Amino acid sequence: MRDLALIFAAALAAALGVGLLGALTLRLLRHRSITVHVCVLLTVTVAAVVAGVVVVAQAMFLSPHDLQVVLLTVAAAAVVSLGVGWYFGRRLAVAAVWAAQARERERRVEKGRRDLVAWVSHDLRTPLAGLRAMAEALEDRVVDDPATVAEYHTRIRLQTDRMTRLVDDLFELSRINAGALRLTLSAVPLGEVVSDALAGTAPLARARRIRLVAAESGWPTVLASEPELARVVGNLLLNAVHYTPSDGTVRVDAGCESDAAWLAIADTCGGIPEHDLPRLFDVAFRGEPARTPRAGGEGSGGLGLAIVRGLVEAHGGRVDVQNVVGGCRFVVRLPTA
């Protein structure tokens with residue numbers, strides 16, 4: 001019994017020494033991956049077994065041949081243990097990274113939802129307050145001269161149109177996010193879509209004294225759904241006109257590169273802060289100064305560019321933005337017909 005106690009004490013002392021060394025190693029490697037930690041743990045375990053076997057073998061005066069047999073057996077077990085540990089450590093690391101990314105995405109989505117509700121509530125509450133005030137004024141006959149009554153009617157119609165556009169944007173965005181968007185692709189002349197969008201934006205541009213300039217030729221034919229493509233171009237043009245100061249210029253041109261067509265809309269908004277560029281297409285994002293509407297301007301709830309990205313990606317394309325001299329430039333790339 002005394003011999004067994006001595007053997008146990010010797011093996012425990014050797015294992016503790018290896019364990020302390022392993023604990024120090026793990027502390028030094030605390031910022032490394034899960035795979036490294038699992039491999040170190042298995043290595044420490046195997047090394048503790050080897051150390052205990054060697055100490056006990058020397059105390060028991062085992063022959064060199066018997067000691068080699070024991071060590072080879074332990075080495076075979078160590079190879080299998082380290083291999084299994086490395087494989088499952090990699091899987092655990094991937095799962096942990098995926099879970100962390102999923103939690104981060106969920107936090108971003110939830111923040112986007114909260115921001116969206118806040119922006120939309122603000123953009124709906126403002127025109128609703130104005131509509132209620134004008135309706136009460138008309139109902140109570142606070143204003144009764146024909147000119148003022150006609151002006152109130154015009155304002156009510158404009159505010160109603162604004163809320164209708166916002167609701168349409170919300171509906172379009174919900175279709176995109178829910179995967180319910182179904183595109184009917186066909187060969188669409190990009191020049192015709194741009195021409196119609198320019199015609200629709202021209203009154204607002206004239207009111208703001210902004211010049212709309214379009215290339216005279218070089219318009220490709222793209223594989224797209226015409227209504228959604230018209231919305232993409234219209235949103236980008238409205239965005240450029242809204243955030244370009246008076247006497248500025250919005251330029252539209254297009255072309256082809258390899259198997260893709262591109263459409264570029266450049267403005268003279270003064271540029272966008274570099275730290276805002278990656279978030280420009282996020283839902284409800286508004287930055288300073290180029291993305292924030294001026295006082296009295298029509299807000300879009302921060303949905304216009306988010307819809308653009310969703311529709312472009314649904315076509316299998318992509319949209320990018322970069323700062324240029326005096327402003328920014330949006331580039332949409334779509335498959336050619």
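Okay, let's start with the inside of this thing: of the 337 residues in the protein chain, 35% are buried. Keep in mind that we're looking at a predicted model.

On the outside, the protein chain exposes about 19800 Å², and 61% of that comes from carbon and sulfur atoms. As for charges, there are 36 positive and 34 negative ones, and their mean positions sit 7 Å apart.

Now the overall shape. A compact globule of 337 residues would have a radius of gyration near 20 Å, whereas this protein chain comes out at 34 Å. You can see that in the spans too: along its principal axes, the C-alpha trace covers about 115 × 55 × 40 Å. And if you take the contacts with a separation of 6 or more, 71% of them join residues 24 or more positions apart.

What's it built from? Seven helices and seven strands. Walk along the sequence and you get α-α-α-α-β-α-β-β-α-β-β-α-β-β.

Let me pick out helix 4, residues 146–178. It has 33 residues and reaches 48 Å from its first C-alpha to its last, close to the 48 Å expected at 1.5 Å a residue. Which of its residues are buried? The list is Thr 148, Tyr 152, Arg 162, Met 163, Leu 166, Asp 169, Glu 172, Leu 173 and Ile 176. So you charge-watchers will find Arg 162, Asp 169 and Glu 172 in that buried set. Right after helix 4 comes Gly 179, with a positive phi of about 70°.

Next up, helix 7, residues 304–314. Eight of its 11 residues are buried, so the rest of the structure largely encloses it. Those are Gly 304, Leu 305, Ala 306, Ile 307, Val 308, Gly 310, Leu 311 and Val 312. And what do the buried residues of helix 7 pack against? Helix 4, which we just met, plus helix 6 (226–242), strand 6 (318–324) and strand 7 (327–335).

Ala 314 also belongs to helix 7, but at 40% relative accessibility it counts as partly exposed. Leaving out residues up to four places away in sequence, Ala 314 touches Leu 181 and Leu 183. Compare that with Val 167: it is 147 residues from Ala 314 along the chain, and their C-alpha atoms are separated by 21 Å. Helix 7 is then followed by Gly 316, and here again phi is positive, near 80°.

Back towards the start of the chain, have a look at Ile 34, in helix 2 (residues 34–59). With 34% relative accessibility, Ile 34 counts as partly exposed. Its partners, again skipping residues up to four places away in sequence, are Gly 89, Leu 92, Ala 93 and Ala 96. Arg 90 is 56 residues away from Ile 34 in sequence, yet the two are 7.4 Å apart in space, C-alpha to C-alpha.

Last bit: the positive phi angles that aren't on glycines. Where does Arg 209 sit? In the loop between helix 5 (190–207) and strand 2 (211–214). Arg 209 has a positive phi of about 60° although it's not a glycine. Asp 247 does this as well, at about 65°, and its place is the loop between helix 6 and strand 4 (249–257). Is Asp 247 buried or exposed? At 57% relative accessibility, Asp 247 counts as exposed.

That's my tour, thanks.

Conventions: Residues are numbered from 1 along each chain as its sequence is written. This is a predicted model: local features need pLDDT of at least 70, side-chain atom pairs count only at pLDDT 80 or more; totals for chains, interfaces and linings use all residues. Side-chain values use heavy atoms; hydrogens and water are left out. Helices (H or I, at least four residues) and strands (E, at least two) are DSSP runs, numbered from the N terminus. The radius of gyration is taken over C-alpha atoms; the globule rule is 2.2 Å times the number of residues to the power 0.38. Buried means under 20% relative accessible area, exposed over 50%, partly exposed in between (1.4 Å probe, protein chains only). Contact means heavy atoms within 4.5 Å. Accessible areas come from the Shrake-Rupley method with a 1.4 Å probe; for residues, only the protein chains shown count as cover. Lys and Arg count as positive and Asp and Glu as negative; His and the chain ends are not counted. The place of a charge is taken as NZ of Lys, CZ of Arg, CG of Asp or CD of Glu. The expected span of a helix is 1.5 Å times one less than its number of residues.
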